[in-house]
Amino acid sequence: MSAIILLHLIVFSSIASRAASASDDLTGFVYAGCSQPKYTPGSPYQLNVDSLLSSIANDATYSSYANLTSAAAASSTPVDGLFQCRGDLPTTDCSSCVRSALSQLSSFCPFAAGAAVQLRGCFIRYGNDSFIGKPDTSLLFKKCGDPAAGGGYNSDQLGMRDAALAGLSTSGGGGSAGSYRVGAAGYVQAMAQCVGDQGGKQCDDCVAAAVAQLKAACGFAVAGDVYLGKCYARFWSNGNGGGSGGGGYNYNSNHYHGDEAGKTVAIIIGLIAGVALIIIFLSFLRRAGNYGKE
Ligand SMILES: *[C@@H]1O[C@H](CO)[C@@H](O)[C@H](O)[C@H]1NC(C)=O
Ligand SMILES: *[C@@H]1O[C@H](CO)[C@@H](O)[C@H](O)[C@H]1NC(C)=O
């Protein structure tokens, strides 16, 4: 009986620590948006939405981007959808991120005619407003980290930030093209991701708009995120550079570190529980022995 409880405790604590570290990262929630119009539950439109979303879940098992249209129910307007995973993710991470995004979508935006969810590792959107292939640089979400700690702002950092961000544009420093881009200078790192329906020029323009917003909004911050309609850009400082720590703004790019720590905690809890069980068992034996003597 005790052994069964113990086993559950270990399994549970290991799952809990896994879930916590995962939600800090790839499946961490960034934003969601739902259209005002809603569809009627059980309508042909819902059939199209449901079949679209299940196709998205399926396509994410082998691709990091897809656009889809569902006209399963011909009596309704077709529904378009797409998903985009962060370009550096392996397929298994992409697929689990998209599954998590899909489940958040239905809880945030029940019966919405159109909706979008952005998690740290992936983005999904559906709707009947013909958004696929169109540029969209409207600001959806913005967050700046704390100002550099210690009062004395290091002007080197501003230069590094600008150089790292310049690496995100094809004409700038690093000159990385494609829908996933990275930049780095000194201890500042940057990344950008366009939605795969954007061509090279559209992606350039979107990233440039996001970078301009980052510079304007997050001037003296150690980190910043700007999410536009069809792309996002981020920068962050490595923990110990220039005396400007993370400032409580967790931008650790070592995704799996937390997982290892979680496993260690689970093992320690298991060991403690095991020792406790042995002590209980020994005291039970002793009492049983005493009982026999009386
Ligand atoms: C999109 O779907 C909603 C809900 O069914 C409907 O109200 C709206 O008119 C549709 N828009 C278009 C462009 O078909
Ligand atoms: C949408 O998907 C189709 C089929 O996979 C592809 O040929 C087309 O280029 C995609 N369009 C955009 C804008 O991504």
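## Ligand 2

Three residues surround ligand 2: Tyr-65, Asn-67 and Asp-197. This comes from a predicted model. Two of these neighbours make polar contacts. The side chain of Tyr-65 places an N or O atom 2.7 Å from an oxygen atom of ligand 2. Asn-67 has a polar side-chain atom 2.4 Å from an oxygen atom of the ligand. On its own, ligand 2 exposes 360 Å², and the protein buries 35% of that area.

## Ligand 1

Now turn to ligand 1. Lys-38, Tyr-45, Thr-77, Ala-113 and Asn-128 are the residues around ligand 1. This shell holds two nonpolar residues, two polar ones and one charged one.

Asn-128 supplies a polar contact. One of its polar side-chain atoms sits 2.3 Å from an oxygen atom of ligand 1. The protein covers 50% of the 360 Å² that is accessible on ligand 1 alone.

## The disulfide pattern

How many disulfides are there? The count is six. Number the bonded cysteines along the chain, and the pairs read 1-5, 2-3, 4-6, 7-11, 8-9 and 10-12. Three of the links are described below.

## Cys-34 and Cys-109

Cys-34 is joined to Cys-109, with 2.0 Å from S to S. The angle about the S-S bond is -70°, and the link is left-handed. Where do the two ends lie? Cys-34 is in strand 1, residues 29–34. Cys-109 is in the loop between helix 3 (91–108) and strand 4 (115–119). The two cysteines are 75 residues apart in sequence, so the disulfide ties together separate parts of the chain.

Are these cysteines buried or exposed? Cys-34 is partly exposed, because its relative accessible area is 42%, a value between the limits of 20% and 50%. Cys-109 has a relative accessible area of 4%, so this residue is buried.

## Cys-97 and Cys-122

A second disulfide joins Cys-97 to Cys-122, with 2.2 Å between the sulfur atoms. Its angle about the S-S bond is -90°, and this link is left-handed. The pair connects distant parts of the chain, 25 residues apart. Cys-97 belongs to helix 3, and Cys-122 to strand 5 (residues 122–127). Both Cys-97 and Cys-122 are buried.

## Cys-194 and Cys-203

The sulfur atoms of Cys-194 and Cys-203 are 2.0 Å apart and form a disulfide. Is this link left-handed or right-handed? With 90° about the S-S bond, the link is right-handed.

Cys-194 has a relative accessible area of 1%, so this residue is buried. Cys-203 is buried too, with a relative accessible area of 2%.

Key: Residues are numbered from 1 along each chain as its sequence is written. Chains are lettered from A and ligands numbered from 1 in the order in which they are written. This is a predicted model: local features need pLDDT of at least 70, side-chain atom pairs count only at pLDDT 80 or more; totals for chains, interfaces and linings use all residues. Side-chain values use heavy atoms; hydrogens and water are left out. A residue is near a molecule or strand if one of its heavy atoms lies within 4 Å of it. A polar contact is a pair of N or O atoms within 3.5 Å; within protein, one must be able to donate a hydrogen and the other to accept it, and residues adjacent in sequence count only if both atoms are side-chain atoms. Accessible areas come from the Shrake-Rupley method with a 1.4 Å probe; for residues, only the protein chains shown count as cover. Ala, Val, Leu, Ile, Met, Phe, Trp, Tyr, Cys and Pro count as nonpolar, Asp, Glu, Lys and Arg as charged, and the others, Gly among them, as polar. A disulfide is a pair of cysteine sulfur atoms within 2.5 Å. Helices (H or I, at least four residues) and strands (E, at least two) are DSSP runs, numbered from the N terminus. Buried means under 20% relative accessible area, exposed over 50%, partly exposed in between (1.4 Å probe, protein chains only).
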